[in-house]
Amino acid sequence: MSAVFEPYMPPEAPLARPIQDLRAPYHDAAAPGLGKPRALLWRLATFLPALATTLGLVAAFTDWFAMGGLTGFEITLIALIALTFFWISLSVATVTVGLLRRALAGKPTISANGAAMDVALLVPCYNEVPWDVFGNACAMLEALDAHPTPHNYTLFILSDTRDAQTALQELRAFATLRARLPESIRIHYRRRAMNTDRKVGNLADWVERWGGGYGAMLVLDADSLMSGDAIVALTDELSSDPSAGLIQSFPRLIGAETVFARVQQFASTIYGAVLAEGLATWSDREGNYWGHNAIIRTAAFASCAGLPKIRTITGKGALILSHDFVEAGLLRRAGWGVRFSPRITGSYEEVPATLIDYVVRDQRWCQGNLQHLKLLAAKGFHRVSRFHMFHGAVSYLLSPAWFALLTVWALIGTGAEHNVIRYFSGLNPQVQWPEMNAVHSTALLVFMYGMLLAPKALGAAAVGSMGLRVADLGGPVRFLASFVTEMVLSILYAPILMVQQTKAVTRSILGLRVDWKPQSRAGGEYSLLSLAKFHWLESIAGLGLVAGMASGIVSLWLLPIAVSLALAVPLSALSGLRLTRFAATARALGTPEIYAAPPIIRAAKAHRAELRETLRDLPEAAE
């Protein structure tokens with residue numbers, strides 16, 4: 001236990017947090033038990049269609065390739081097709097299950113019959129913009145103060161900030177809020193002397209020193225925002241379900257002002273909701289944790305989720321970077337339910353502003369998710385928890401698989417007489433090339449893009465059943481324009497992201513670590529030279545494909561991918577175009593939060609603006 005004096009914190013209430021042994025199973029004696037599995041039929045309805053569709057596609061390709069017998073090359077190609085296509089099928093099946101569940105289920109009711117809880121709202125931050133962090137905190141505290149509830153809430157700003165000037169601004173922001181808010185509202189601030197183990201260590205420090213005083217903790221990110229209704233609803237659910245150790249909300253994306261951010265925000269609102277419904281349906285009490293906007297039973301977390309270090313080649317322990325998936329798995333293996341509750345509205349987070357900002361964040365996530373492969377053999381994890389961790393890793397491994405598959409298709413060209421190998425060497429390789437005529441190319445293109453875009457089409461068609469009104473999306477004409485725009489831009493950005501994720505996976509495999517710096521939430525400004533350096537590989541690959549098509553040795557069905565890669569630099573520049581600068585585009589790709597922002601978003605914006613004026617002219621802090 002730390003002996004550091006914390007003047008802005010309440011008296012300590014220590015709570016033991018043992019480090020878990022992944023070589024032995026563990027059950028928490030305090031867990032009340034979960035009974036029989038409830039989601040078996042939903043899981044069968046999700047995974048069996050995905051598997052059957054994939055097997056059908058594999059059978060078709062096997063028949064197509066089996067001219068004169070299958071070679072090792074062709075078997076490898078079929079395996080790549082099966083790997084990549086299964087996850088596409090699973091996404092379509094999950095969306096379908098989500099729509100079916102919505103159609104069968106009535107309006108959800110949240111019981112408020114549980115006992116009153118003392119809840120800590122935890123906001124870890126690391127060199128973040130202070131007025132944004134404290135502005136959101138102020139809005140949430142005021143919303144809770146105005147919301148009748150038997151529960152008690154206390155907000156903690158848990159700072160790991162290293163920059164002296166930012167730390168001074170945090171202290172001034174805390175003092176401003178403490179003076180502005182009523183005495184009945186409880187807010188505390190703590191800044192660690194050393195940011196040991198990053199966010200994991202930040203939260204662990206709070207749990208060990210103050211966790212014993214709170215029955216639950218609602219973990220937030222520095223950019224998280226939740227309405228009073230959402231916070232109370234999550235608390236009511238946890239209080240009414242004694243078997244739940246963690247309940248994850250579905251954060252909607254807000255704050256998007258650039259092209260790329262609006263694409264993500266619109267997609268999350270329209271398609272993410274139905275995907276989340278399907279995921280919550282088949283995962284049931286074996287859900288996942290995304291690291292924020294989730295409420296957790298504090299004692300269960302302390303007892304079951306103490307993260308060990310991962311052994312490395314050098315024998316030293318490495319920090320588990322993407323800790324949230326693992327903590328969810330540890331809670332479930334100890335006997336606690338982990339649930340996903342996507343129908344609770346009013347949970348928000350912000351989104352990277354540009355393509356480069358998104359990729360930089362994604363590189364860190366890639367490194368953390370690939371670590372999960374080392375944990376799949378740990379003792380006691382539920383098979384669904386293992387699948388969540390495996391899925392997290394595979395979501396990045398799919399990019400090099402797609403890259404390899406597209407490379408093969410480019411090499412195959414248009415058949416045995418027209419392919420890249422023969423063009424440059426004059427030799428026809430000993431491979432029975434499938435004939436890529438116009439019919440084959442068109443059929444393959446339509447089928448693959450049809451499956452990739454099916455979840456989007458289903459989500460757009462079902463906006464009414466997901467609690468959205470077309471009027472809240474700007475009306476039929478604007479909604480249709482947004483839908484088409486998002487689909488086109490997503491198709492254009494997808495190949496670029498594929499290449500960037502392939503690079504990230506390669507770096508992780510080679511042991512080239514990515515420094516976990518604070519996220520650039522407002523978006524960076526990038527020169528043309530910076531864009532060219534960042535996207536050189538995509539540009540060269542795209543121009544090579546275009547040249548191959550012009551020479552007649554690369555199939556034209558790769559044209560959409562070639563165009564995207566060749567235009568990576570201008571597309572990346574376009575991603576940072578600020579739509580709010582122009583009245584004509586200010587509501588482009590609009591969501592309900594843009595057309596009619598809820599009170600909690602308006603309040604947060606106002607408090608952030610006020611604090612910015614108060615804090616930005618502070619004198620420089622002494623080092």
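This note walks through selected features of a predicted model, from its strands and helices to its aromatic contacts.

1. The parallel strands are a convenient place to begin. Strand S1, covering residues 118-125, runs parallel to strand S2, and eight bridges join the two. Within this pairing, Leu-121 stands opposite Leu-155 of S2. On the way from S1 to S2 there is helix H3, residues 130-145, and these three elements together make a right-handed β-α-β unit.

2. Strand S2 also pairs with strand S3, residues 186-191, through six bridges, and these two strands again run parallel. Here Ser-159 has Arg-191 of S3 as its bridge partner. A right-handed β-α-β unit is made by S2, helix H4 (residues 164-180) and S3. Strand S2, which spans residues 152-159, is mostly covered, with seven of its eight residues buried.

3. Helix H9 deserves a separate look. How many of the residues of helix H9 are buried? The count is 11 of the 11 residues in the stretch 323-333, and the helix is therefore largely enclosed by the rest of the structure. The buried set includes charged residue types as well as others: among them are Asp-324, Glu-327, Arg-332 and Arg-333, along with Phe-325, Val-326, Leu-330 and Leu-331. Just after this helix, Gly-335 adopts a positive phi of about 110°.

4. On cysteines, a reader may wish to know how many disulfides the model contains. The count comes to zero disulfides, where a pair of cysteine sulfur atoms would have to lie within 2.5 Å. Two of the cysteines can be described by their accessibility: Cys-125 counts as buried because its relative accessibility is 3%, and Cys-366 counts as buried because its value is 0%.

5. The structure holds 21 aromatic pairs. In one of them, the ring centres of Phe-260 and Tyr-493 are 5.3 Å apart and the planes stand at 90°, so the pair is edge-to-face. Because Phe-260 belongs to helix H7 (residues 259-283) and Tyr-493 to helix H14 (residues 476-509), this contact ties together parts that are 233 residues apart in sequence. Both partners fall under the 20% cut-off for buried residues: Phe-260 has a relative accessibility of 4%, and Tyr-493 has one of 2%.

6. Another pair is formed by Trp-290 and Phe-340, whose ring centres are 5.0 Å apart with planes at 65°, so this pair is edge-to-face. It links distant parts of the chain, with Trp-290 in the loop between H7 and strand S8 (294-297) and Phe-340 in strand S11 (residues 337-341), 50 residues apart. Are the partners buried or partly exposed? Trp-290 is partly exposed, with a relative accessible area of 29%, whereas Phe-340 counts as buried at 10% relative accessibility.

7. Two further aromatic features complete the picture. Which residues form one aromatic cluster? The members are Phe-47, Phe-86, Trp-87, Trp-282, Phe-387 and Phe-390. Elsewhere, a charged side chain meets a ring: Lys-503 lies over the face of Phe-534, at 5.9 Å from the ring centre.

Notes: Residues numbered from 1 in each chain as written. Predicted model: local features only at pLDDT ≥ 70, side-chain atom pairs only at ≥ 80, totals over all residues. Heavy atoms only, no water. Buried < 20%, exposed > 50% of the residue type's maximum accessible area, 1.4 Å probe, protein only. Helix = DSSP H or I, 4+ residues; strand = E, 2+ residues; numbered from the N terminus. Pairing = 2+ DSSP bridges. Right-handed = clockwise from strand over helix to strand, strands pointing away. Phe/Tyr/Trp six-rings, centres within 6.5 Å; stacked < 30°, edge-to-face > 60°. Lys NZ or Arg CZ within 6 Å of the ring centre and 35° of its normal.
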